[in-house]
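Student: Could you take me through how to read a model of this kind, feature by feature?

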Amino acid sequence: MSVSSYQAGLRSAVRGFYNGVLTYGQFVNALESAVKRGLTQAFIEGAKECGIKQDEFTDKELDALTDAIENEYEYIGGLAAGIEESEKLAALYSRLDKWTNRYTDVVNRAKTLACTDEKLEWELGATEKHCNTCPRLHGKVKRGSQWEKAGVHPQRPPNACLECGGWECKCRLRRTDKAISRGSLGVSC
């Protein structure tokens, strides 16, 4: 599974409920299933970059994955209400873009946990316009544990550390062999 597969699963559930093919209960089940499957795969993907397999996850890592999944579940009712209010399907898909960003957020979260002692570099995402915070973080290298302790994560909303809030952030943390950046991250949370 990939971020595009995750997005397709979310869209399928929304389209089914929007078109009346799925009942409310079936929609909730389909969306919960897509979220659980997709975010679990995202966490596996992030941890794998650090050489950690799914059966090697710590309790802290499993708790972080569970929290990410359960957090998304909290928004299902609001999405269902938007569909029932007959929003245009295109508007609903646009709304799902924020949901799709959770995939990359969970990949990055897995890295900060599984790559505790690995060096991770902040890399700007491919967006037309960046907030003021993300460019300041671009190229900064810190250990996964330092990113985690600072609470600075791309895509994890609401994120008081990032001017963009993380809602539509496309930045990522990637493993690197570069030297660790001196000083603080230069971001106040």
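The dialogue below turns to the core, the pocket and the cysteines.

Tutor: This is a predicted model, in which local features need pLDDT of at least 70 and side-chain atom pairs count only at pLDDT 80 or more, while totals for chains, interfaces and linings use all residues. Residues are numbered from 1 along each chain as its sequence is written, and side-chain values use heavy atoms, with hydrogens and water left out.

Student: Which residues have the most contacts inside the largest nonpolar core?

Tutor: A nonpolar core is a set of buried Ala, Val, Leu, Ile, Met, Phe, Trp, Tyr and Cys residues joined through side-chain atoms within 4.5 Å, where buried means under 20% relative accessible area, with a 1.4 Å probe and protein chains only. Here the largest one has 50 residues, and Phe-27, Leu-79 and Trp-122 have the most contacts inside it.

Student: How much space lies in the largest pocket?

Tutor: Rolling a probe the size of a water molecule over the atoms shows where empty space is left. A pocket is an open set of points on a 1 Å grid over the protein atoms alone, where a 1.4 Å probe fits, with protein on both sides within 12 Å along at least five of seven lines; lining residues have an atom within 4 Å of a point. In this case the space is about 260 Å³, and 14 residues line the pocket, with Lys-129 and Cys-169 among those nearest its centre.

Student: Why is Cys-134 not bonded to Cys-131?

Tutor: A disulfide is a pair of cysteine sulfur atoms within 2.5 Å. The two sulfurs are 3.7 Å apart, which is too far for a bond, and the disulfide count comes to zero. Cys-134 is buried at 2% relative accessibility, and Cys-131 is buried at 11%.

Notes:
Points joined across faces, edges and corners; volume = space filled by probe spheres on them.
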